[in-house]
Amino acid sequence: MKAVGYVRVSTDEQAKSGLGLEAQIAKIKAYAELFDIELTEIIMDEGISGKTLDRAGLQKAIKMLKEKKAEGMVIAKLDRLTRNVADLGTLVSTVFDKAELYSVSEQINTKNAAGRLVLNVLVSVAQWERETICERTKDALQAKKARNEKTGGNIPFGFNVINGKLIRNEEEQSIISEIKSLKNKGLSLRKIAEALNGRGIATKNGKAWTAVQIQRIAA
């Protein structure tokens, strides 16, 4: 049978190095040779997320299947095709209801109902794992915030970090109070920045104040 190969890497870095693409292509070619599948073409999506089906390479491969230029699609791993259960359902019902799908790593083919069942179960489990990780991360961040611990990013003006916790910097807090007071009196953000810079008061990074930074503090 004839099949189109499809490969994808999600970052520009992977695309430039070519390593991720080469590994996928090698797996697809070996699989095709083993099962006597004729590869008409191997189509690539480089530096593109699997969160959407709106990918030029994938759409080209799907078009080939619908136009009967290939009877099936071979992928190195299921997540190269999609990471979303709903998107998989769309592909199974609109593309792989007639064409065949082969996934090398998971040893899946959709020739029969059993293959389609395994396919749906694997994607459902993968999505459950991702959602569970997101929930745990969110809970951990909320717990850190409740303990007044730093959760990442730059240290906000008005605070210091001691043993992983945000501690008020009283000197900077007084500057914040002054900024808000000047703004309430009608002074423009630019004028406030000029006033602080004129007195030699620097930002947290030791740089000059700008209107944008004043806006963040005064908001």
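Val121 is found in helix H6, which spans residues 113-146, and in this predicted model the residue is partly exposed, with a relative accessible area of 43%. Together with Leu117, Val125 and Trp128, Val121 makes a nonpolar surface patch of about 410 Å². In general, an α-helix has 3.6 residues a turn, so residues three or four places apart point the same way.

At the level of the whole chain, the secondary structure comprises nine helices and seven strands. Of the 219 residues, 35% count as buried, and the accessible surface amounts to about 13100 Å², with 52% of this area belonging to carbon and sulfur atoms. Among contacts with a sequence separation of 6 or more, 57% are accounted for by residues 24 or more positions apart.

In helix H9, formed by residues 211-218, the buried residues include Ile214, Ile217 and Ala218. Viewed down the axis of H9, the buried residues fall within an arc of 90 degrees, so they line one face of the helix. The face of H9 turned away from this buried side carries Val212 and Arg216, both of which are exposed. The cover over the buried residues of H9 includes two other helices, namely H7 (170-184) and H8 (189-198).

Helix H7 also takes part in the electrostatic pairing of the chain, for which a total of 10 salt bridges is counted. One of the pairs is formed by the side chains of Glu172 and Lys204, with a distance of 2.9 Å from N to O. Because Glu172 lies in helix H7 and Lys204 in the loop between H8 and H9, the pair ties together parts that are 32 residues apart in sequence. The two partners differ in their exposure class: Glu172 is buried, with a relative accessible area of 13%, whereas Lys204 is partly exposed, with a relative accessible area of 28%. Elsewhere, Asp79, Arg80 and Arg83 are joined into one network by salt bridges that share partners.

Two further pairs involve residues that lie close to each other in the numbering of the chain. Glu67 forms a salt bridge with Lys69, in which the closest N and O atoms are 3.2 Å apart, and Glu67 itself counts as partly exposed at 40% relative accessibility. In the other pair, the side chains of Asp97 and Lys98 meet with an N to O distance of 3.3 Å. Here Asp97 counts as partly exposed at 42% relative accessibility, while Lys98 is exposed, with a relative accessible area of 68%.

A contrasting case is presented by Asp87, which lies in helix H5 (residues 85-94). Asp87 is buried and yet has no salt bridge. The nearest side chain of opposite charge is that of Arg55, at a distance of 6.1 Å, and a salt bridge is counted only within 4 Å, so this pair does not qualify. When its neighbours within four places in sequence are left aside, Asp87 is in contact with Lys51, Thr52, Leu53 and Thr82. The list of these contacts thus includes a lysine, Lys51, although Asp87 has no salt bridge.

Notes: Residues are numbered from 1 along each chain as its sequence is written. This is a predicted model: local features need pLDDT of at least 70, side-chain atom pairs count only at pLDDT 80 or more; totals for chains, interfaces and linings use all residues. Side-chain values use heavy atoms; hydrogens and water are left out. Helices (H or I, at least four residues) and strands (E, at least two) are DSSP runs, numbered from the N terminus. Buried means under 20% relative accessible area, exposed over 50%, partly exposed in between (1.4 Å probe, protein chains only). Lys and Arg count as positive and Asp and Glu as negative; His and the chain ends are not counted. Contact means heavy atoms within 4.5 Å. The arc is that of the directions from the helix axis to the C-beta atoms. Patches are made of residues with over 30% relative accessible area and no salt bridge: like charges are joined within 9 Å, nonpolar side chains (Val, Leu, Ile, Met, Phe, Trp, Tyr) within 5 Å. Accessible areas come from the Shrake-Rupley method with a 1.4 Å probe; for residues, only the protein chains shown count as cover.
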